[in-house]
Amino acid sequence: MQRRTEESIHGRMAEQRLACIREIQIQRQRADLAASSFRHSLLSVRSLAEQNLADREKLCRLKDSLKELEADLVEALSVKTGKESKSTFLAEALSSTASRTEQLKKTILDLRRKRDKHSAVISEQLLALEALEAKSSQYILERQKTEEAIEWYNRILGFRAECGEGVKFIFDKIDRKNPNEEYSFSIRLDNDAYNLLDCNTILEGIPELIVDLNKTNGLFKFARIMREKFQVAASNGVLPTSISVYPDSSSVTVSSAPPASVDSKSETSVRQNDLHVKVNDRHHDPHKKVNIGQPAIQSPRSVSALRRSPRFLVRRIN
C-alpha cells in the first residue's frame, strides 16, 4: 500500500515536471518572440532617430545659409548707401573745389609776395644770427679761458673768493712752512667807493692801498699787492689772527673821481697821514682788541652792488 502511494506520488511529480518543462519551453518561445519584436522596433526607432538627426543637420545648415544671405543683403545695402552718400559728397566736393581753386590761386599769389618779403627778412636775420654765433663762440672761449684761469689760481696760488657781507678774498699757500694757513681780507663797494671790512693779518700801508684803489679802480692789482704783503708778513713770522682788524671805512674810502683842486689833494694827504698814525698805533700792541669804527653801511647788498657797480663793470670790460 505504501509502495503504491509512493509510485502515485512519483507519477504525479513526473507529470508536473513535464508540465513545467512544457511551460518553460512556451515561455522561452514567447521571450524569443518578444526579443525579436523588440529588436525590430529598436532598429526602426534607431533609423527614425538617425533620419531626424539628418533632418536637423540639414535644417541648421539651411538656417546658417539664410543668416549668411541676410548678412550679405545688409552689407550690400550698406555698400549701396555708402556709394550713394559718397557720390553725393563727391558732387558737393567738386562744386566747392571749383570755388576754392579760385581762392587758392589768389592766396598763392599773396603767399608768393609774402615769401619774397620773408626771404629778405630771413636773410637779414641769418646775417645777424651769424654775427651772434660768432660773438657767442668768442664768449664761450673767453669763459673757458676765465674758468681755466680761476682753476689755475685755486690750484697754484691757493686763491678763492666768497660772498657775504662783502667779497672775501682768501689766500693759502702763502706760508711755505704752513701752506694750508689762510690769509684773508674782505672788501665791499658802497656808494661807488671801496671799503675794507676786515683783514685777518696786521699789514702796513693798507690805507694808502685803499685810497689808490678808489682812485684807479684797480681791484685785481689791489688783491695782488695784498697777497704780496701776506707773503712778506708770513716770511716775517706774522700769522693770521681771529681778530678782524680793519680801519675806519669813513676815513679810508675816497671818491673815485679825479681831484678838482689842490685843496682836495691836500685833504687826501692829511687823511692818509691820519690813517697811517691809526694803523701804527695798532701795531704797538697786536694782542689788544682793535675796533676803530664800523663800515658805513652794514647790508647784504654789498655783493650785488659790487657786481652791478659801473666802476666794477668798467674794470671787467677793460
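A residue counts as buried under 20% relative accessible area, as exposed over 50%, and as partly exposed in between. Arg160, at 32% relative accessibility, is therefore partly exposed. These terms will serve throughout the tour of this structure, which is a predicted model.

**Stop 1: Arg160 and its partners**

Please select Arg160 together with Glu162. Their side chains form a salt bridge in which the closest N and O atoms are 3.5 Å apart. Glu162 is partly exposed, because its relative accessible area is 36%. Now add Glu182 to the selection: Arg160, Glu162 and Glu182 are linked in a network of salt bridges. Side chains of opposite charge can pair when their charged atoms come close. The structure holds 8 salt bridges, and two further examples follow.

**Stop 2: Arg188 and Glu165**

Select Arg188 and Glu165 next. This pair also forms a salt bridge, with 3.6 Å between the closest N and O atoms. Arg188 belongs to strand 3, whereas Glu165 sits in the loop between strand 1 (159–163) and strand 2, so the pair ties together parts that are 23 residues apart in sequence. Is Arg188 buried or exposed? Arg188 is buried, since its relative accessible area is 1%. Its partner Glu165 is partly exposed, with a value of 39%.

**Stop 3: the aromatic cluster**

Select Phe159, Phe169, Phe171, Tyr183, Phe185, Phe222 and Phe230, which form one aromatic cluster. The structure holds 8 aromatic pairs. A pair of aromatic rings is described by the distance of the centres and the angle of the planes.

Reduce the selection to Phe169 and Phe185. Why is this pair stacked? The ring centres of Phe169 and Phe185 are 5.1 Å apart and the planes stand at 15°; planes under 30 degrees apart count as stacked. Phe169 is part of strand 2 (residues 167–171) and Phe185 is part of strand 3 (residues 183–190), so the pair ties together parts that are 16 residues apart in sequence. Both Phe169 and Phe185 are buried.

Keep Phe185 and replace Phe169 with Phe230. Phe185 and Phe230 form a tilted aromatic pair, with 6.4 Å from centre to centre and 40° between the planes. The pair links distant parts of the chain, for Phe185 is in strand 3 and Phe230 is in helix 3 (residues 219–235), 45 residues apart. Phe230 is buried, as is Phe185.

**Stop 4: helix 2 and the residue after it**

Select residues 206–216, which make up helix 2. Which residues of helix 2 are buried? They are Ile206, Pro207, Leu209, Ile210, Val211, Leu213 and Asn214.

Continue to Asn217, just after helix 2, where phi is positive, at about 60°. Most residues other than glycine have a negative phi, and most peptide bonds are trans. Asn217 is located in the loop between helix 2 and helix 3. Asn217 counts as buried because its relative accessibility is 10%.

**Stop 5: Asn191**

Select Asn191, which has a positive phi of about 55° although it is not a glycine. Asn191 is found in the loop between strand 3 and strand 4 (193–199). Asn191 is exposed, because its relative accessible area is 63%.

**Stop 6: along helix 1**

The remaining selections begin with Asp64, in helix 1 (residues 2–157). Add Glu68, Asp72 and Glu75 to Asp64: these residues gather in a patch of negative charge on the surface. Asp64 counts as partly exposed, since its relative accessibility is 43%.

Move to Asp110 and Arg113, whose side chains meet in a salt bridge of 2.1 Å, N to O. Both residues lie in helix 1, 3 residues apart, which is about one turn of the helix. Asp110 is partly exposed, with a relative accessible area of 34%, and Arg113 is exposed, at 53%.

Finally, select Ile122, Leu126, Leu129 and Leu132. What do these residues make on the surface? Together they make a nonpolar patch of about 370 Å². Ile122 is in helix 1, and its relative accessible area of 46% makes Ile122 partly exposed.

Definitions and conventions:
Residues are numbered from 1 along each chain as its sequence is written. This is a predicted model: local features need pLDDT of at least 70, side-chain atom pairs count only at pLDDT 80 or more; totals for chains, interfaces and linings use all residues. Side-chain values use heavy atoms; hydrogens and water are left out. Patches are made of residues with over 30% relative accessible area and no salt bridge: like charges are joined within 9 Å, nonpolar side chains (Val, Leu, Ile, Met, Phe, Trp, Tyr) within 5 Å. Accessible areas come from the Shrake-Rupley method with a 1.4 Å probe; for residues, only the protein chains shown count as cover. A salt bridge is a side-chain nitrogen of Lys or Arg within 4 Å of a carboxyl oxygen of Asp or Glu. Lys and Arg count as positive and Asp and Glu as negative; His and the chain ends are not counted. The place of a charge is taken as NZ of Lys, CZ of Arg, CG of Asp or CD of Glu. Helices (H or I, at least four residues) and strands (E, at least two) are DSSP runs, numbered from the N terminus. Buried means under 20% relative accessible area, exposed over 50%, partly exposed in between (1.4 Å probe, protein chains only). Rings of Phe, Tyr and Trp (its six-membered ring) pair if their centres lie within 6.5 Å; planes under 30 degrees apart count as stacked, over 60 as edge-to-face and the rest as tilted.
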